[in-house]
Amino acid sequence: MTGDRKTGEKTISGRGQRELRVRVKTAKGRKLSSTLWLERQLNDPYVMRARKEGYRGRAAYKILELDDKFGFLKPGARVVDLGCAPGGWCQVAVARVNALGERPNKPVGTVLGVDLQEVVPISGAVIHQLDFLEDGADDKVKAWLGGPADVVLSDMAAAASGHRQTDHLRIVALCEAAAQFAFDVLEEGGTFVAKVLAGGAETALQTTLKRNFIKVANVKPPASRPDSSEKFVVAMGFKGRSGAEPAGTLKHE
């Protein structure tokens with residue numbers, strides 16, 4: 001059979017393979033938006049792959065793809081993952097920085113996850129329930145790490161309000177707070193990676209990062225859904241605290 005032929009929701013390919021698209025019926029009491037979300041999840045190839053490969057969510061592939069491109073998760077690195085729930089980024093970091101010491105000829109890294117929620121333990125990672133915005137959070141993280149960090153990750157997002165611009169402003173505010181946190185805990189030469197939503201208000205953040213890091217890139221990894229406005233900022237080569245802007249000095253121009 002040549003070409004592709006669709007019959008209803010079943011797709012029959014020219015290679016003789018058969019792919020089935022799962023349709024979800026609207027249940028009593030369930031909103032249409034929830035039904036559509038569930039249907040998308042069930043048919044998402046990254047969700048299927050995550051289940052097969054043991055990751056806690058499809059977001060794991062975003063950090064995998066970013067690290068494949070920029071190479072910041074090196075064996076021996078000390079990593080802080082802000083907003084780490086449910087733990088997919090920590091799982092990737094543990095493997096790549098050799099936190100379990102499974103590669104005896106490589107240095108052993110450290111992975112520290114922080115989240116407001118309780119997170120199911122991850123082998124090779126130390127996870128704390130903490131609001132990193134609270135007073136003294138930086139000192140707590142440094143104490144847990146035993147020193148500064150080489151990489152600060154942030155996949156944080158505020159609860160969706162349904163208003164795109166409001167959601168954009170909220171996530172930019174979180175990203176700015178994470179950046180200021182990174183300025184305080186990063187080792188010179190370190191890397192900051194964070195999720196933002198495209199929308200214009202991130203200009204001040206971009207300007208500040210360019211002042212404090214040697215290289216700043218904005219990337220939408222393949223694992224990020226095409227219809228999502230999310231992108232990731234990767235800032236590499238931290239210039240050090242002596243050159244960083246003090247906390248609270250981000251200016252919206």
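This tour moves through a predicted model, from one pocket to its aromatic ring pairs and then to a lysine beside a ring.

Begin by selecting Gly83, Asp115, Leu116, Met156 and Ala157, which are the residues nearest the centre of the second largest pocket, out of the 16 that line it. This pocket holds about 400 Å³ of space, and its lining is made up of 10 nonpolar, two polar and four charged residues.

Next, turn to the aromatic rings, where a search of the whole structure finds five pairs. Select Trp89 and Phe232, whose ring centres are 6.0 Å apart and whose planes meet at 40 degrees, so that the pair counts as tilted, an angle under 30 degrees being needed for stacked and one over 60 for edge-to-face. If you display the secondary structure, Trp89 appears in helix H4 (residues 88–96) and Phe232 in strand S10 (residues 230–238), so the pair links distant parts of the chain, 143 residues apart. Trp89 is buried, with a relative accessible area of 3%, and Phe232 is buried as well, at 0%.

Now select Phe183 and Phe213, whose ring centres lie 6.3 Å apart with the planes at 40 degrees, so this pair is tilted. Phe183 belongs to helix H6 (residues 164–185) and Phe213 to strand S9 (residues 213–219), 30 residues apart. Phe183 is buried at 3% relative accessibility, and Phe213 is buried with a relative accessible area of 1%. Add Phe238 to the selection, and you have a cluster in which ring pairs link Phe183, Phe213 and Phe238.

Finally, select Lys69 and Phe70: the lysine lies over the face of the Phe70 ring, at 5.7 Å from the ring centre.

Conventions
Residues are numbered from 1 along each chain as its sequence is written. This is a predicted model: local features need pLDDT of at least 70, side-chain atom pairs count only at pLDDT 80 or more; totals for chains, interfaces and linings use all residues. Side-chain values use heavy atoms; hydrogens and water are left out. On a 1 Å grid over the protein atoms alone, a cavity is a set of points where a 1.4 Å probe fits but cannot get out, and a pocket is an open set with protein on both sides within 12 Å along at least five of seven lines; lining residues have an atom within 4 Å of a point. Grid points are joined across faces, edges and corners, and a volume is the space filled by probe spheres set on the points. Ala, Val, Leu, Ile, Met, Phe, Trp, Tyr, Cys and Pro count as nonpolar, Asp, Glu, Lys and Arg as charged, and the others, Gly among them, as polar. Rings of Phe, Tyr and Trp (its six-membered ring) pair if their centres lie within 6.5 Å; planes under 30 degrees apart count as stacked, over 60 as edge-to-face and the rest as tilted. Helices (H or I, at least four residues) and strands (E, at least two) are DSSP runs, numbered from the N terminus. Buried means under 20% relative accessible area, exposed over 50%, partly exposed in between (1.4 Å probe, protein chains only). A charge sits over a ring if NZ of Lys or CZ of Arg is within 6 Å of the ring centre and within 35 degrees of the ring normal.
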